[in-house]
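Notebook open, coffee poured. I'm going through this one piece by piece and jotting down what I look up.

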Amino acid sequence: MMELAHDEALTLQAMEEAMWRPDTRFDHKYMDAILAENFHEVGQSGRTYTRADTLELRPLDIDITFPLRDFRAVAICEDVALVTYTSVPARGRGAAHRSSVWVNDGRWKLRFHQATPTDV
């Protein structure tokens with residue numbers, strides 16, 4: 001894997017963090033713009049979500065600690081990046097190792113996301 005340019009990594013970190021902020025996560029227009037047409041997610045529970053499922057999510061409280069722990073962004077190939085980090089709740093249990101695949105077709109779009117529970 002190749003290192004991403006520092007500014008690209010910072011952009012992807014900001015975009016991942018936006019997924020955890022209610023003002024962007026539940027903004028249909030924002031999410032419509034950043035989710036790839038073929039977006040797919042495997043949630044922490046093991047449930048799978050399509051792009052349509054994600055766009056239809058109703059607002060809820062998001063429990064997260066910033067910055068995202070152990071954040072790393074690397075290029076898989078030209079215009080594709082793998083982002084990994086650990087999400088740690090501010091209150092209680094529910095930490096997860098997370099990975100996202102972002103594709104750049106002129107702007108970064110989220111193609112895939114997966115969460116795996118951990119006991120951090």
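In which helix is leucine 10 found? I looked: leucine 10 is in helix α1. Keep in mind throughout that this is a predicted model.

**Leucine 10 and its helix**

I checked the exposure of leucine 10 next. Its relative accessible area is 43%, so I file leucine 10 as partly exposed. I also took a distance: leucine 10 and arginine 72 sit 62 residues apart in sequence, yet their C-alpha atoms are 9.8 Å apart in space.

Then I went over the helix itself. α1 runs over 6–18 and has 13 residues. From first C-alpha to last α1 reaches 18 Å, close to the 18 Å expected at 1.5 Å a residue.

Which residues of α1 are buried? My list reads Ala9, Leu12, Gln13, Met15, Glu16, Glu17 and Ala18. A reminder to myself: an α-helix has 3.6 residues a turn, so residues three or four places apart point the same way. As for what covers the buried residues of α1, I noted α2 (22–25), α3, β4, β5, β6 (96–104) and β7 among the elements.

**The core**

How many residues are in the largest nonpolar core? I get 23, and Leu12, Ala73, Val83 and Trp102 have the most contacts inside it. Elements that each supply at least two residues of this core are α1, α3 (28–34), β2 (35–42), β4 (69–77), β5 (80–87) and β7 (108–117).

I pulled up the neighbours of tryptophan 102, leaving out residues up to four places away in sequence. From α1, tryptophan 102 touches Leu12, Met15 and Glu16. Its other contacts are Ile34, Asp79, Val80, Ala81, Val83, Trp108, Lys109 and Leu110.

**Rings**

I searched the whole structure for aromatic pairs and found one. Phenylalanine 71 and tyrosine 85 are stacked, 6.3 Å centre to centre with 25° between the planes. This pair links distant parts of the chain, with phenylalanine 71 in strand β4 and tyrosine 85 in strand β5, 14 residues apart. Is phenylalanine 71 buried or exposed? Phenylalanine 71 is buried, and tyrosine 85 is too.

Another ring worth a line is phenylalanine 66: arginine 21 lies over its face, 4.2 Å from the ring centre.

**Backbone oddities**

The peptide bond from phenylalanine 66 to proline 67 is cis, with omega near -5°. Proline 67 is placed in the loop between α4 (51–55) and β4.

I then noted two aspartates with positive phi. Aspartate 70 has a phi of about 55° although it is not a glycine. It lies in strand β4, and I count aspartate 70 as exposed because its relative accessibility is 59%. Aspartate 79, also not a glycine, has a positive phi of about 70°. Where does aspartate 79 lie? I find aspartate 79 in the loop between β4 and β5, partly exposed at a relative accessible area of 41%. Aspartate 79 already turned up above, as a contact of tryptophan 102.

**Whole chain**

Stepping back, I count four helices and seven strands in the protein chain. Along the sequence they follow β-α-α-α-β-β-α-β-β-β-β. The radius of gyration is 14 Å, close to the 14 Å the globule rule gives for 120 residues, so the chain is as compact as a globular protein of that length. The C-alpha trace spans about 40 × 30 × 25 Å along its principal axes.

Two last numbers for the page. Buried residues make up 42% of the 120 residues. Among contacts between residues at least 6 apart in sequence, 51% join residues at least 24 apart.

Key:
Residues are numbered from 1 along each chain as its sequence is written. This is a predicted model: local features need pLDDT of at least 70, side-chain atom pairs count only at pLDDT 80 or more; totals for chains, interfaces and linings use all residues. Side-chain values use heavy atoms; hydrogens and water are left out. A nonpolar core is a set of buried Ala, Val, Leu, Ile, Met, Phe, Trp, Tyr and Cys residues joined through side-chain atoms within 4.5 Å. Buried means under 20% relative accessible area, exposed over 50%, partly exposed in between (1.4 Å probe, protein chains only). Contact means heavy atoms within 4.5 Å. The expected span of a helix is 1.5 Å times one less than its number of residues. Rings of Phe, Tyr and Trp (its six-membered ring) pair if their centres lie within 6.5 Å; planes under 30 degrees apart count as stacked, over 60 as edge-to-face and the rest as tilted. A charge sits over a ring if NZ of Lys or CZ of Arg is within 6 Å of the ring centre and within 35 degrees of the ring normal. The radius of gyration is taken over C-alpha atoms; the globule rule is 2.2 Å times the number of residues to the power 0.38.
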